[in-house]
Amino acid sequence: MPYERGIVTVPRTDSAPAVDGTLDDPCWREASQITNFLVHNTGGRLLERPSPRVLFCYDDEALYIGFESPQPQGVETAEAPRDSDKLVSDHDSFEFFLRPTMTWEHSYYQLIVNASNSIFDGKVKDNSWDGEFIYRATVSDGVWRGEIKVPYTTFEDAGVPEAGDEWTFNVCRNFRAGGIRFSQWTNTGVSYHDAMSFARMRFGGRDEWVREQSVAVGEDKDIRVVLDAWDKARTSAGILFYRQGEIVPSKSIVSAPGELLLKTAEGSLKNAVAELWIRKEQADDPVLYHMVRVSPKTKPAPPKSKTEEKSTEPATKQAKAEGPPPYEPRPPTPEELQAARERRKLWENNSLGKDEWVPPPWTPVVVDGQTVSVWGRDYRFDNSLFPTQIESRGEELLSRPIFLDLQTEKGRVKVAAGKLEVVSRTDEKATLRGRFEGIGLTVEALTELEFDGMAKVTLRIVPTDEAIQVKKLALRIPIKPDRAQYYHWAGSGWDPSVSNAGSIPEDGLLGGFRGILWVGDKKRGVCWFAQDQDGYEISQPHTLLRLFKSETYADWNIRVNFIDTAYLLKGEKTFVFGYEATPVKPMPRQFRDERFPFVWHWGRGYLDPIPGAFVNLGGGNRKTSLEKVFESNPDYLLVLAGGAGAESDYQGQVLSEQWLYSQEWRGTKHTRINYPKNNWAGHVYYHGGGGGLDTSYQDFMVYYINEVLQKHRMDGIYFDGHGGPMWSAREFLKRVYKLFRKVHPEQTRILVHSSTRILIPVIGFADFHLNGEQYNSGRLRVGAHYTDVLPIDRIMAEFRGEPWGTVPAFLPELDAIHRKLIAPTREMIALLQVHDVLLTGAWCNSNVYRAYKSAINRFGIAESDFTGYWEDAVSHSDSEIKVSVYRHRTQDKWLLFISNLTPKARTTIVKLSADTLGFEPERIEDLENNFELPVGPEITVPVNGLNFRMIGVFGKEH
């Protein structure tokens, strides 16, 4: 069971604070308090000591936040311009995240403050947004105190909260003294910005407040809590202990006014994390309205003397003792900068990967009349601005032609038919121009249809006269009902509970701008996509994109609103978008046996190997030189940590190029280095970040990737993200793909990390895309059971490669406790392998994973074809059990992968015959446990709950 998200009830006050940073106002004495912050990225298991203290109250004008935290001696803060987030957060700082429920679903606001009264604020990482916050701070006797006024008017459409209303929020504390450390009140996993994991803020009445005075674990392992509350006599508490994802019961609670003694079951504190729920009694229905935390592993610190409270020397020494001193990168020397300027002559405006050539497995574009054919797909236009029909894998996708719904002051038409000409054709691309004139407009659609099947459309509308009022302009893609089973659309967050894939809901989909919307079945589909919504004239942003079923035609329609309000068109207006049928290419022939040994590398000039420089090998802390890696094992992938957004050498030193060109590449001038080295996953953070692929940064990256490729002839590369913007990211990956295919025409291993976002016009140029990391955060963070968080329809839409043409490599995300256990990993394999999903061996039980991979590889799964249980590959007796089949391509043998995704043990009887198999079975074997089963027309297979069996059926020659 996942941990309960924090909750605090905020009382109403009659006297607003003066907001002077002193916390002396009467309202703070009856404000709700949160403390016991969690150390970030410890899975919610370590409490910050000493902990910050944050207070809340509100009135009809604003929410008020007060806080205090130790401010060790020697901590420097400086005033910074508003919205200089790095200049604020690089000092000791507080970060506040607020998400009023009255605003758009995925909107949240961020406020960062430091002890020098500096403010950074933003909205969903938009630094240009400014709020009306009022903030004041004071620092005295080693304590930083602050007060913030948050007017409701600073938020869009947020009124005065009423009692019972809820917002979500989080508070984070960034410590910079004596080594970097981050803490937060509610654990959000990898990123502070995981809005779906925020805590709950409940607005209450004037008397609803509570604050913890102390929480202590006694020698007898009982927990004593002293509270200050508005009504101590009517405040009760309960406690939950979590261990390995399960609730551990506690004994009854003995309470006195203001003091709670929590009797725990013997041994229940061992390896457990505790959360204390404080309730206000309401008749027979207690209501959770505040939460504090207690860690049984952390005993209360002894009382400090007055001298100790003012001194931070012991804490500083302790922090330094926990690890090596922080890495301090240095600025490049003048000589290094001059050398970088000279190197620019090598990489700037290079044409690598831009040659007119169709890399395998794609085939040249063919134009036959007004039908454009690429690998596996046909786009038929028939004198129309858009396709009248699209075929993928031999099946038609459209129920009607794609059309524009257009309305002006002169009338309304459905624009489909028009004059069409084929402007040009090469092996790589066909260009078509469609034109329509009517109701006071000229509409032109210029379509560039490339060899991978991606159609980029530049849509122009021009008034026939000087100006005309356009009331509506929407694109409609009508899809056959039997092809519209699943959907995927890219969301704004990483929480898998809203990660936007699965069976199409009965009432369809409705939302704001998304980068892609795909609709399809188990084998194929069609998608619309765009880089941005530039030029759109939208009065209702939440209705920009819709998927709905037409009552007239009973088909499913993708609708994109470009204009939904009366707009006076005085000249030309342009919209750029695209569409593409999937799968975009055949699956790699041997992908089911794919493994990814890797090497982390940071090289001068981004990739150029440094002679003798050491790199980290995957699977441990082994180190050697890059040259020796590829000499000994050419199968290693080169990993670019940070993907298209990192520019540091292998030691974390900012590159001279980044120093020189950050203004050009990212729009932020690099003036100083702000972050020391951080060894997490090989990433190195620094001010300025990566570069936009729509700048010369793309040429820089392509040049140095090619340098390493030519030197080492490596067959694979991994990008931790594909970068942006979309059209430029597509061009970048297409160039890289061409470079690799020139060296390795049969097979490459280009892997891109793209969890929750299958942006197929970009990652179509990857062989594999890594997906699944989203299950380490958000409301659907995996505990012990992937079956609880990953439904089958989402697997069909997002995690199977067949409908897409690029292989989703699943990244397990079991936590430190559950990856040690056997059952969670076996359950994950049972869920995913039966759907033919490629599993990587990351955060799961390595012994279980290796045994399972060894069994399927011994069988020869790489040389096998898959038939899913939904196609009734074999007949068997228990409909609750799923049986998928892997048929070997050249030998008489089958692998029956049998999954029981129910919690109870079940038995199924599988029927085998020569007619079904295509051969007479001579031997039947349990592949995992290496024992034979009786040969006959039926085999009885018991399968434990949430588990799997792998049965091999072999012909005579085996």
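Q: What makes helix 13 stand out in the lining of the second largest cavity?
A: Helix 13 gives the most to that lining, with 3 residues, where helices (H or I, at least four residues) and strands (E, at least two) are DSSP runs numbered from the N terminus. The model is predicted, so local features need pLDDT of at least 70 and side-chain atom pairs pLDDT 80 or more, while totals for chains, interfaces and linings use all residues. Residues are numbered from 1 along each chain as its sequence is written, and side-chain values use heavy atoms, without hydrogens and water.

Q: Why is this space called a cavity, and which residues line it?
A: A cavity is a set of points on a 1 Å grid over the protein atoms alone where a 1.4 Å probe fits but cannot get out, and lining residues have an atom within 4 Å of a point. The search of the whole structure finds 4 cavities of 30 Å³ or more, and the second largest holds about 60 Å³, a volume being the space filled by probe spheres set on grid points joined across faces, edges and corners. Its lining includes Phe591, Arg592, Gln833, Tyr852 and Lys853, and the elements that give two or more residues to this lining are strand 51 (838–839) and helix 13 (846–859).

Q: How do you know which classes of residue make up this lining?
A: Ala, Val, Leu, Ile, Met, Phe, Trp, Tyr, Cys and Pro count as nonpolar, Asp, Glu, Lys and Arg as charged, and the others as polar, and by these classes the lining has 7 nonpolar, 1 polar and 3 charged residues.

Q: What makes Phe97 and Tyr192 a pair, and why is the pair given its particular name?
A: Rings of Phe, Tyr and Trp (its six-membered ring) pair if their centres lie within 6.5 Å, with planes under 30 degrees apart counted as stacked, over 60 as edge-to-face and the rest as tilted. The structure holds 50 aromatic pairs; in this one the centres are 6.3 Å apart and the planes stand at 75 degrees, so the pair is edge-to-face. Because Phe97 lies in strand 6 and Tyr192 in the loop between strand 12 and strand 13, the pair ties together parts that are 95 residues apart in sequence.

Q: Are Phe97 and Tyr192 buried or exposed?
A: Both Phe97 and Tyr192 are buried, a word for under 20% relative accessible area, with exposed meaning over 50% and partly exposed what is in between (1.4 Å probe, protein chains only).

Q: Why is Val160 placed in its exposure class?
A: Val160 has a relative accessible area of 39%, so Val160 is partly exposed.

Q: How do you know that the charged end of Lys742 sits over a ring, and which ring is it?
A: The test asks that NZ of Lys or CZ of Arg be within 6 Å of the ring centre and within 35 degrees of the ring normal. The charged end of Lys742 sits over the ring of Trp357, 4.2 Å from its centre, and the charged end of Arg923 sits over the ring of Phe954, 4.2 Å from its centre.

Q: What makes strand 37 a partner of strand 34 and of strand 38?
A: Two strands pair if DSSP finds at least two bridges between them. Strand 34 and strand 37 have 4 bridges in the antiparallel sense, and 5 bridges join strand 37 to strand 38, again antiparallel. Within strand 37, Trp518 is the bridge partner of His488 and stands opposite Cys527 in strand 38.

Q: How many residues of strand 37 are buried?
A: In strand 37, 5 of its 5 residues are buried, which leaves the strand mostly covered.

Definitions and conventions
On a 1 Å grid over the protein atoms alone, a cavity is a set of points where a 1.4 Å probe fits but cannot get out, and a pocket is an open set with protein on both sides within 12 Å along at least five of seven lines; lining residues have an atom within 4 Å of a point.
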